[in-house]
Amino acid sequence: MILIVDDDLAVRTSLGLLLKQAGYATRAADGSAGALAAVRAETPALVLLDMNFSRATTGDDGLALLHEIKALAPLVPVVLITGWGSIALAVAGMKAGAAEFVTKPWHNDALLQTIGTVLALRGPGPAAGAPPGRRALDKQFALSDIVGEDERLLAVLRQVGQVAATDAAVLIEGESGTGKELIAEALHHNSRRRGQPFVKVNLGGISSSLFESELFGHRRGAFTDAKADRVGRFELANGGTIFLDEIGELELASQVKLLRVLQDRTYEVLGDSKPRRLDLRVVAATNKNLAELVAQGRFREDLFYRLNLITLRLPALRERPHDVPLLVRHFLAQLRETYQRPGLRVGAPALHWLQAQPLPGNIRELKNLVERAVLVSGHDELTPADFQQSGAAATAPFAAPGAPPVPSALTLDQLEAQAIRQSVAHHQGNLSRVARALGLSRGALYRRLDKYDIPYDEPAG
């Protein structure tokens, strides 16, 4: 049963008919006394609560009733109904325990989607027994691109499996390089929207002047440089999932525009005043602490609560060091094919060395280390020295006491050129042997020799 609390008979009737047509049983109340009596008589599955149901318009009556409902039935989700003028009240309600808020006038489809999502997230609770391990999760969900067996990571993957089937907004937090985009893709591929577009938007690279054009699109002539129509990212993602990466970098002026779109699920193309409806799932990611940005006045509190119905925090790689060998072997499997070196492998000493590194760049840094080691190594089995030579941290436990720091400023191009020069010298200019040693075709080797201006006159005979 869904309990509707509103002092307006027309609103109660309208919501009651909408929910009945959607298959929900309902009860209605016009104020605190009726609402509390209904909760005592039968615990509702969900409460739709208007913020003002008396002559006063401060919202205090709605907040007071929310506290009383939560005291009586703390597990019952409450969805607040509010006007744009009282968004601040809705945020206060979220702090007090409300699950979501919907603005008036609501859109029927969006409201039903919100109700369905909140009810699905409430769920029956976890089953008895041990939580599923990696093998069980892989059988149930599509997670093959995510490597690791650490319990911290598995806890995140269990949450992915739980919320993927809903349309809940998800905020993914984690340091740079921890794999936030992979988690966003997993949410999409395990959802009912899996056959629809997954559109990534790097908000850190979009200025406020281009925000509306990039996100909503524009018509030709909408502004000086609009020489052709442009389809916005929201339109491209319609029906699927939009991934708003680096949400913490978004400027305040753009945050207001994004909030309205996420709340109303409508937008306008620049140069076209006709509103367009959106049906998509929103996943955002950040390497910043949004709660701190809110406290500093650099991120809107109402947008923060709109985005983080569900928050997933990805652990740093140093928090799950036992996953390092799995990741290294995963990267090597890819590099065997890329560089046509089927014998590539990594020794136990190198794996222990890598596990001891701080790796502030997380998985991304580890992947770069492995690829650099492959490029500079002249043999198939990688050792700690190969990783030190490729530019790893100078604090390696395998380094000799008093040894100078290992240079770490080489780019991949510089490392590749260095590896080719070493191989050419080792094989005394025999390019056939050099190509085989590096896993390249002769044509690919010639292109690299020209690129790096390396002489390649082969010796006669």
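Modeller: Quick definition first: a crossing is right-handed if the near helix is turned clockwise from the far one by less than a right angle, and left-handed if anticlockwise. Also, keep in mind that we're looking at a predicted model.

Biologist: Got it. So is the crossing of H14 with H16 left-handed or right-handed?

Modeller: H16 covers residues 362-376, and the two axes lie 10 Å apart. With the clockwise rule in hand, H14 passes H16 in a crossing that is right-handed.

Biologist: And are H14 and H16 parallel or oblique to each other?

Modeller: They pack at an angle of about 50 degrees. Roughly parallel needs an angle under 35 degrees, and roughly perpendicular starts at 65. The angle fits neither class, so H14 and H16 are oblique.

Biologist: How many residues of the contact of H14 with H16 are nonpolar?

Modeller: On the H14 side you have Val324, Leu327, Val328, Phe331, Leu332, Gln334 and Leu335, and they meet Ile363, Leu366, Lys367, Val370, Glu371 and Val374 in H16. In that set 1 is polar and 2 are charged, and the nonpolar ones number 10.

Biologist: Let's try another pair. Is H9 roughly parallel or roughly perpendicular to H11?

Modeller: H9 takes in residues 208-216 and H11 residues 252-264, and their axes come within 10 Å. They cross at roughly 25 degrees. Angles under 35 degrees fall in one class, which makes H9 and H11 roughly parallel.

Biologist: What about the handedness there: is the crossing of H9 and H11 left-handed or right-handed?

Modeller: The contact is made by Ser208, Phe211, Glu212 and Phe216 of H9 with Ser254, Lys257, Leu258 and Val261 of H11. Those residues divide into 4 nonpolar, 2 polar and 2 charged. As for the crossing of H9 and H11, it is right-handed.

Biologist: On to single residues. Is Arg320 buried or exposed?

Modeller: Arg320 sits in the loop between strand E14 (310-313) and helix H14 (324-338). Leaving aside neighbours within four places in sequence, Arg320 contacts Val147, Gly148, Asp150, Leu153, Pro315 and Ile363. The cut-off is under 20% relative accessible area, and Arg320 comes out at 3%, so Arg320 counts as buried.

Biologist: Which side chain joins that of Arg320 in a polar contact of 2.7 Å?

Modeller: Arg320 is buried at 3% relative accessibility. The side chain that joins Arg320 at 2.7 Å is that of Asp323.

Biologist: Which backbone nitrogen lies 3.4 Å from a polar atom of the Thr117 side chain?

Modeller: Thr117 belongs to helix H5 (residues 108-122) and is buried, at 7% relative accessible area. Beyond four places in sequence, its contacts are Thr166, Asp167, Ala168 and Leu309. The backbone nitrogen at 3.4 Å is that of Asp167.

Biologist: Which side chain makes a polar contact with that of Glu181?

Modeller: Glu181 lies in helix H8 (residues 180-189) and is partly exposed at 30%. Not counting residues up to four places away, Glu181 touches Lys200 and Phe243. The side-chain polar contact, at 2.9 Å, goes to Lys200.

Biologist: How far apart in space are Glu181 and Lys200, C-alpha to C-alpha?

Modeller: Their side chains make a polar contact at 2.9 Å. In sequence the two residues are 19 apart, and their C-alpha atoms are separated by 8.6 Å.

Biologist: Any odd backbone geometry? Which residue is joined to Lys104 by a cis peptide bond?

Modeller: Most peptide bonds are trans, so a cis one is worth a look. Here omega is about -10 degrees. The partner of Lys104 sits in the loop between strand E5 (100-104) and H5, and its name is Pro105.

Biologist: What is phi of Gln340 near?

Modeller: Most residues other than glycine have a negative phi. Gln340 lies in the loop between H14 and strand E15 (345-346) and is exposed, at 57%. Its phi is positive, near 50 degrees.

Biologist: Is Asp453 buried or exposed?

Modeller: Asp453 is in the segment after helix H20 (442-451), with phi near 55 degrees. The cut-off is over 50%, and at 68% relative accessibility Asp453 counts as exposed.

Key: Residues numbered from 1 in each chain as written. Predicted model: local features only at pLDDT ≥ 70, side-chain atom pairs only at ≥ 80, totals over all residues. Heavy atoms only, no water. Helix = DSSP H or I, 4+ residues; strand = E, 2+ residues; numbered from the N terminus. Buried < 20%, exposed > 50% of the residue type's maximum accessible area, 1.4 Å probe, protein only. Polar contact = N/O pair within 3.5 Å; in protein donor to acceptor, adjacent residues only side chain to side chain. Contact = heavy atoms within 4.5 Å. Axes fitted to C-alpha atoms, helices over the stretch in contact; angles between N-to-C directions. Parallel < 35°, antiparallel > 145°, perpendicular 65-115°, else oblique. Nonpolar A, V, L, I, M, F, W, Y, C, P; charged D, E, K, R; others polar.
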